[in-house]
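Here are my notes on the model, set out as numbered points. Please read them with the structure open.

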Amino acid sequence: MVEPLVMLVRNQKNVATYLYILGYPALQLNDDCSLTPAQKQAVAGKVTQITLNSTKKLYAIHFDIGETLQISHKNILKVATNPNALAAPELLAQFGYQLELPTTTTHFQANFQQVFPTIKQLKTIPQHYIVIDCEFGPFFKRQFHAGCYHWTPTTINGAESTIFQLAALSYQDNQQTSVYYDRLLDFPAFLPEKKLAALAASGQPLNEFEQAAAPEQVLKDFIDHVLAAALPLVFWDQSQDLKALHWLGAQYFQKLSATQQAILSQPLQVFDGEKYTNTVINRSNQKPLATNHNLPLNGVAGLLNIFNPHQHNALWDAQTTHYVVNQMARIQAATPQILTQPLPAQPAVQKAEASLQPTKYQLVHQLRATGKTYREIAVSAGISISGVNYILKKAKPVQV
């Protein structure tokens, strides 16, 4: 039995060197061999599994929020197993690494651990569910330089962006049910242009928009009207949307009521429409699927003859996700056409002779004897009119 991988060291050229070990978030390897949390990858959560696709020479880092990071073998500096079941600090020490986690946990980190602590991945479409979709806006900070203000990209608690539009629709037995949620967010770190676009889309006066789109209020309403239903959540590529919801919940966790905090801390059931579509697409592959295709929602919808006139709008994309996954379910349930070995084409006479069986020969003559026309005989016997003509005028009975 092959020992499972528990540690991987990755070199991201011109950026940094990262180390991944089971049970810990992504770590950054410093020049003095110390390990500190990698802030930009913190929102991915803890590493749950490290796997290798030996055929494609790709390593995959699996995180507890459902995100997977794939890395080429060319960027791998080291991998390790743990046959002696050593504690992580001891295992790291064997390679000369020193784990230096913060002695005090930040409020955000403490909150992050309480949001969605248990996520169950569903492999079949639930009977009653809520489809979630998000659109995003990047974070910027304003700086004064050379006599004017400049906006530069920034991160907040490890995230480079957050949700700009959040939508949810519930369905049961392919019929829409009571959950209907569509909100825009006015995050202070968005560019002014982003806020103006949201304000215009809302159709509200500025003061009403700022109250309704305040991230804290949007999160509270989302918990009360969506998550409180305690239904499985359906996404198209959950890795981004669920990560953003996780971050938003942690960011405002302390401002929620005790009931709202309890809802965020409940186990979550999740169904990923993109992963399911990958499964359907690759169901005839004789080899196991090693890597997932990145499938654009509206591209797949187009292949299924489903047209979304408002693409990259969270509400419309949530509806599109529902129709796509249910159409994929119908495709998966249908009896497939199994191909047979191709053969050289045969001349028409040989085809007719090869297809003749005693029962068909007798059937044609019996039907003709009752006065049926050539067309009626062809329909009943399941052959062409020329085939009927051949049997009646040229073919001889097959001796059995």
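1. How many bridges join strand β16 to strand β17, and in which sense do the two strands run? Three bridges join β16 (residues 233-235) to β17 (residues 268-272), and the strands run parallel. Within this pair, Phe235 has Asp272 of β17 as its bridge partner. Everything in this note refers to a predicted model.

2. The wider setting of these strands is an open sheet of six strands, ordered β10-β17-β16-β11-β14-β15, with mixed pairing. Its edges are β10 (119-122) and β15 (175-184), each of which pairs on one side only. On average, neighbouring strands of the sheet are turned by 30° against each other, direction ignored. As general background, strands of a sheet pair through backbone hydrogen bonds, either parallel or antiparallel.

3. Helix α6 (residues 238-251) packs on this sheet. The strands touched by α6 are β10, β11 (128-138), β14 (161-172), β16 and β17. The direction of α6 makes about 80° with that of β11. Helix α8 (residues 273-281) lies across β16 and β17, and α8 runs at about 45° to β17.

4. Helix α6 also packs with helix α2 (residues 107-114), at an angle of about 125° and with the axes 8 Å apart. Why is α2 described as oblique to α6? Angles under 35 degrees count as roughly parallel, over 145 as roughly antiparallel and 65 to 115 as roughly perpendicular, with the rest oblique; the angle of about 125° therefore makes α2 oblique to α6. The crossing of α2 past α6 is right-handed.

5. Which residues make the contact of α2 with α6? From α2 come Phe108, Asn111 and Phe112, and these meet His246, Trp247, Ala250 and Gln251 of α6. Sorted by class, the contact has four nonpolar and three polar residues, and no charged ones.

6. Helix α8 has a helix partner as well: α8 and α10 (residues 314-333) pack at an angle of about 25°, with their axes 10 Å apart. That angle makes α8 roughly parallel to α10. The crossing of α8 past α10 is left-handed. On the α8 side the contact is made by Gly273, Tyr276, Thr277 and Val280, and on the α10 side by Val325, Met328, Ala329, Ile331 and Gln332. By class, this contact has six nonpolar and three polar residues, with no charged ones.

7. Strand β1 (residues 5-12) is worth a look in the N-terminal part. Is β1 largely enclosed or open? Six of its eight residues are buried, so β1 is largely enclosed by the rest of the structure. The cut-off for buried is under 20% relative accessible area.

8. Strand β1 has pairing with both β8 and β2 to check. With β8, β1 pairs in the antiparallel sense over five bridges, and Val9 has Lys78 of β8 as its bridge partner. With β2 (residues 16-21), β1 is joined by six bridges, and these strands run antiparallel. Here the bridge partner of Arg10 is Tyr18 in β2. The hairpin formed by β1 and β2 has three residues between the strands, and Asn14 in the turn takes a positive phi of about 65°.

9. A further hairpin is formed by β12 and β13. Six bridges join β12 (residues 140-145) to β13 (residues 148-153), and the strands run antiparallel. Phe140 has Pro153 of β13 as its bridge partner. Two residues lie between the strands, and Ala146 takes a positive phi near 55°.

10. Backbone angles deserve a check in the loops too. Most residues other than glycine have a negative phi. Ala85 has a positive phi near 55°, and its place is in the loop between β8 (76-81) and α1 (88-94). Is Ala85 buried or exposed? Exposed is over 50% relative accessible area; Ala85, at 64% relative accessibility, therefore counts as exposed.

11. Ala230 likewise has a positive phi, of about 55°, although it is not a glycine. Its place is in the loop between α5 (215-225) and β16. At 64% relative accessibility, Ala230 counts as exposed.

How values were computed:
Residues numbered from 1 in each chain as written. Predicted model: local features only at pLDDT ≥ 70, side-chain atom pairs only at ≥ 80, totals over all residues. Heavy atoms only, no water. Pairing = 2+ DSSP bridges. Helix = DSSP H or I, 4+ residues; strand = E, 2+ residues; numbered from the N terminus. Axes fitted to C-alpha atoms, helices over the stretch in contact; angles between N-to-C directions. Contact = heavy atoms within 4.5 Å. Left-handed = near helix turned anticlockwise from the far one by under 90°. Nonpolar A, V, L, I, M, F, W, Y, C, P; charged D, E, K, R; others polar. Buried < 20%, exposed > 50% of the residue type's maximum accessible area, 1.4 Å probe, protein only.
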